[in-house]
Amino acid sequence: NKNQHLMFSITLFGRRDRLLLVHDVTRLKQLEEMRKDFVANVSHELRTPLTVLSGYVETMGMAAEMLPQRWQRMLSQMSEQSQRMEAIIKDLLALSRLETTSKQQPLPVAVKPLLEQICADARALSNDRGHRIELQLSGPANIAGFSDELRSAFSNLIFNAVKYTPDGGEIHVEWVEQDKHACLTVRDNGIGIAAHHIPRLTERFYRADPSRSKETGGTGLGLAIVKHVLMRHGGDLQIDSEMGKGSTFVCRFPL
Ligand code: ADP
């Protein structure tokens, strides 16, 4: 029955004794589905009123010079916060889509132009902060997958490297083939992450340094998106970091 989910486990004792345990996890699965639907619906419902509010804030901003200074400051705060909320909702919807849409037929994705484009965007993001962003491309030209999803995962990693590396820092992006895997490595010499945070970084809204993340406009959902995209591509993510020295994120895709 496809609406019923059972988990089996068989324990072997001596020569004769066998124990078969059957757990009915149907209710757990149903709750999980309800959670996914709820998050998707809330995000979707919040989007329209927020777009209206942002529109008004933007229109008021055009006449900001007519307002007293204190009100101008409030208006710019309102604009900043509504942009943050829009970014969070956009990421929540992206995550919901990754969780709920069934996999389609994968297509060949040309990884090299994709990474060149993302690195160009990252240089624009760094702007006058003077990061050196180096790109080395020797891995396979294509991998099978979904271009939009890979773009979003790779941009999250590369933009994070810019966000969490002080001005003038170095970021290396490498696309190589290794042990029958295509690997993307994003290495920075930025602020680094304490070891105890690393296992939890791909949880939604988990941040090693919440105030820094908010300061840089982070939604706290980027690495959760990366994890889901990699899962849908049969890949995995490895994170290595040292406080004050920098971080390395490696995405591995089986070839
Ligand atoms: P955020 O939007 O907060 O950046 P992410 O899910 O992308 O959320 O990342 C989760 C947390 O992991 C960040 O808040 C930050 O603490 C840490 N992090 C991610 N990338 C890096 C990096 N390159 N260097 C240092 N810390 C990082």
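**Figure 1. Residues around the ligand.** In this predicted model, 22 residues surround the ligand. A residue counts here if one of its heavy atoms lies within 4 Å of the ligand. Tyr164, Ser213, Thr219, Gly220 and Leu223 come nearest. The shell divides into 10 nonpolar, eight polar and four charged residues. Ala, Val, Leu, Ile, Met, Phe, Trp, Tyr, Cys and Pro count as nonpolar, Asp, Glu, Lys and Arg as charged, and the others, Gly among them, as polar.

Residues are numbered from 1 along each chain as its sequence is written. Local features need pLDDT of at least 70, side-chain atom pairs count only at pLDDT 80 or more, totals for chains, interfaces and linings use all residues, and side-chain values use heavy atoms, with hydrogens and water left out.

**Figure 2. Polar contacts of the ligand.** A polar contact is a pair of N or O atoms within 3.5 Å. The side chain of Asn160 places an N or O atom 2.9 Å from a ligand oxygen. Ala208 uses a backbone N or O atom, 3.0 Å from an oxygen of the ligand. Gly222 also uses a backbone N or O atom, at 3.2 Å from a ligand oxygen. On its own, the ligand has 530 Å² of accessible area, and the protein covers 98% of it. Such areas come from the Shrake-Rupley method with a 1.4 Å probe.

**Figure 3. Helices and a strand at the ligand.** α4 (147-163), α6 (222-232) and β9 (246-254) each supply at least two shell residues. Helices (H or I, at least four residues) and strands (E, at least two) are DSSP runs, numbered from the N terminus. α4 gives the most, with three residues.

**Figure 4. Packing of α4 and α6.** The axes of α4 and α6 lie 9 Å apart, at an angle of about 140 degrees. Axes are lines fitted to C-alpha atoms over the stretch in contact, and angles run from 0 to 180 degrees between N-to-C directions. The two helices are therefore oblique to each other. Angles under 35 degrees count as roughly parallel, over 145 as roughly antiparallel, 65 to 115 as roughly perpendicular and the rest as oblique.

Methods:
Polar contact = N/O pair within 3.5 Å; in protein donor to acceptor, adjacent residues only side chain to side chain.
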